[in-house]
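Hi,

Here's the structure I promised to pass on. Have a look at it first, and my notes on the ligand site and the pockets follow below.

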Amino acid sequence: MKQMLSLYFVMGSVDCTKDPLAVLDEAIEGGITMFQFREKGKGALKGVEKYRLAEKLLERCRARNIPFIVNDDVELAIALQADGVHVGQEDEAAERVRDRIGNKYLGVSVHNLTEVKKALAAHADYVGLGPIFPTVSKEDAKQACGLTMIKHIRAHEKHVPLVAIGGITQQTAKPVIEAGADGIAVISAICRAEHICEQTKRLYEIVMRTKQKG
Ligand SMILES: C=C1C=NC(C(F)(F)F)=NC1=N
Ligand SMILES: [Mg+2]
């Protein structure tokens, strides 16, 4: 699980300035280790259109053995036979989701140590901690919690697979891993890059080198 979390690309059509399939292809080329389909916000696709896009993105991931996670929409994840689901504190309770998805991956969004413990009690496979820095990708994001929260949680839960999210860029990836995250989850850092494949490679290199240093 910790390996998979290294470079976790989160994306929906709303985040892309060009064809989401092309964006994903380049990101996969650049070395992402996990993908989350997060179709949310103003202008997000719904129903059949959402399903069709998810199917195509899933195919891309399957072809390259990249785990495909669906954000929020448990029905969609089950219908697609996705590799897992990611839910927030305000989504369906993680215990319920775990019952419905069996041993697929279950990720839970957390903002503090209490929520980490709750997620572990619900048998989550990993937690997404954030926003670490102010984010442009989520309208209702909470206050940024900074590197301190990563250190605090890691000090109390040494082994929990933890990916950090929220405003993480090439400049801040290293300190985030050094603070104790097993990986970084990014939206804009990849979606808004001029050259998506090169930018993804850069992020991958930074994360993997920093993780090796231990
Ligand atoms: C709100 C979120 C928090 N964390 C994550 C991830 F980093 F991928 F685990 N994804 C989300 N959609
Ligand atoms: Mg959610």
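For what follows, a polar contact is a pair of N or O atoms within 3.5 Å. By that yardstick, a nitrogen atom of ligand 1 makes one with Asn71, at 3.5 Å from an N or O atom in its side chain. Keep in mind that this is a predicted model.

Two other side chains reach a ligand nitrogen as well: a polar side-chain atom of Gln36 lies 3.0 Å from a nitrogen atom of ligand 1, and for His86 the distance from a side-chain N or O atom is 3.4 Å. The protein covers 93% of the 310 Å² of accessible area that ligand 1 has on its own.

The shell around ligand 1 also includes Tyr8, Arg38, Tyr126 and Ile165. By class it has 6 nonpolar, 5 polar and 1 charged residues. Strands β1 (7–11), β6 (126–129) and β7 (162–165) each supply at least two residues of that shell.

Now the pockets. Ligand 1 takes up the space of the largest one, which has a volume of about 660 Å³. Of its 39 lining residues, Arg38, Lys138, Ile165, Gly166 and Ile187 are the closest to the centre. The lining divides into 16 nonpolar, 15 polar and 8 charged residues, and among the elements that supply at least two of them are β4 (84–87), β5 (105–110) and α8 (188–191).

The second largest pocket comes in at about 160 Å³. It is lined by 14 residues, with Val14, Asp15, Val136, Ser137 and Arg192 nearest its centre. Here the split is 4 nonpolar, 3 polar and 7 charged.

Cheers

Definitions and conventions:
Residues numbered from 1 in each chain as written. Chains lettered and ligands numbered in written order. Predicted model: local features only at pLDDT ≥ 70, side-chain atom pairs only at ≥ 80, totals over all residues. Heavy atoms only, no water. Near = heavy atom within 4 Å. Polar contact = N/O pair within 3.5 Å; in protein donor to acceptor, adjacent residues only side chain to side chain. Areas by Shrake-Rupley, 256 points an atom, 1.4 Å probe, with all protein chains shown as cover. 1 Å grid on protein atoms, 1.4 Å probe; cavity = no way out; pocket = protein on both sides within 12 Å on 5 of 7 lines; lining within 4 Å. Sits in = over half its atoms within 2 Å of the grid points. Helix = DSSP H or I, 4+ residues; strand = E, 2+ residues; numbered from the N terminus. Nonpolar A, V, L, I, M, F, W, Y, C, P; charged D, E, K, R; others polar. Points joined across faces, edges and corners; volume = space filled by probe spheres on them.
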